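User: Please take a close look at a single part of this model and describe it in one connected account.

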Amino acid sequence: MSRKAAIAGPILLASLILPTAAAGARSQDEPSDARPQASSAGETEVIITGASQQAFPKIAVQFEVKKPDGSYLLDARREDFRVTEEGNEVKVLEFQAPQTRETVPTTVVLVVDHSGSMQNEDRIGGLKRAVASFLEKLPAGSRVAVVGFSSRVETLCPFTTDRAEVRNVVDELEPDGATRFYDAVLEALDMLGEEQGRRAILALTDGEDTASQMGNLAMTIAAAKRVGMPVYTLGLGSEREIASNDLKRLATSTRAQYYRARDADQLKAIYEEIATRLGASYSLVYESDRRLPDGTLRPVSIAHATSKKAAETAVFIPGMVVPAPGWSPLFLAILAVLAVMAVLPSWAARRVASR
């Protein structure tokens, strides 16, 4: 009897703390499926594709809006959306819709594989044709950079609006060497970390990572989450050649999508689809009411005027709470409660034993 009473306090504390921690972990590690799907009849669907706290207390969010027929809604206005953080409505400071009077550029890094296996079945030729078509479909004013990888990782082209320059560097690629896929994606994430507005990475490979020296799957996912960056992954070739499960996990963990092309001819259609999707993306910036960087997850939701269900995500704010100098009344009260909970079971056990 007395032993059970002695452990009752710690168990009670754990029961209060663990559910909250577990809920937070699920919010961060299990994002909802970002793949566009048709909505219920008469309702639009908001799909959050990225969220960044890089400029905290300002929070940037990227999202799409799907019509009931599955097509994209392009002309919604700022006042059509309700944005909340922790259930409280926040004021939107900046808003960009796909169709406005102003040019809404997108910033993209193309991560392209030119390892030796890309010479098979003219995959390198298919990549060059697909990138050329992708550039034509991108919104006007978009900025594009290219990171190439084989046994080396190189920034082949810094951010530019000159599409001919991008096309030229891709056209000059020659298949050779091994596959440093994750190192190349980490390089792209580093390039995009300070960029604002609509951002994305398109990462193509035709095989498993065989030579990365700095990165792996877990590190790449963690880096993408830190900057709220969607990483679209493209696998070219057969299932036997591609680490498709890893590519899917990288895409879904970052609220993007995995695409598979069985051959080089399918690449063009996939790149065009991604360009269309990027061009249909909204972005907004709001300022958090809680400006203290306290190391917590902040639930964020966006609802459109004609959607019954809000899209949700959670933004992790790095930092920690440091107690103020001195002993605050709240801190002393918490200590008192904890002390009582610690001694109460033993006191109760002695009372029972003495009867």
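Analyst: The account below concerns one strand and its pairing partners, followed by a pair of helices.

This is a predicted model, in which local features need pLDDT of at least 70, side-chain atom pairs count only at pLDDT 80 or more, and totals for chains, interfaces and linings use all residues. Residues are numbered from 1 along each chain as its sequence is written, and side-chain values use heavy atoms, with hydrogens and water left out.

Strand β9 spans residues 198–205, and eight of its eight residues are buried (under 20% relative accessible area, 1.4 Å probe, protein chains only). Strands are DSSP runs of E with at least two residues, helices are runs of H or I with at least four, and both are numbered from the N terminus. On one side of β9 the buried residues are Arg 198, Ala 200, Leu 202 and Leu 204, and on the other they are Arg 199, Ile 201, Ala 203 and Thr 205.

Strands pair if DSSP finds at least two bridges between them. Strand β6 (residues 106–113) pairs with β9 in the parallel sense over six bridges, and strand β10 (residues 231–236) pairs with β9, also in the parallel sense, over five bridges. Ala 203 of β9 is the bridge partner of Val 111, and Thr 233 is the partner of Ala 203 in β10.

Turning to the helices, the axes of α5 (residues 217–226) and α6 (residues 244–253) come within 9 Å and cross at roughly 15°. Axes are lines fitted to C-alpha atoms over the stretch in contact, with angles from 0 to 180 degrees between N-to-C directions. The crossing angle therefore makes α5 roughly parallel to α6 (under 35 degrees). The contact (heavy atoms within 4.5 Å) involves Leu 217, Thr 220, Ile 221 and Lys 225 of α5 and Asp 246, Arg 249, Leu 250 and Ser 253 of α6.

Conventions: Parallel < 35°, antiparallel > 145°, perpendicular 65-115°, else oblique. Buried < 20%, exposed > 50% of the residue type's maximum accessible area, 1.4 Å probe, protein only.
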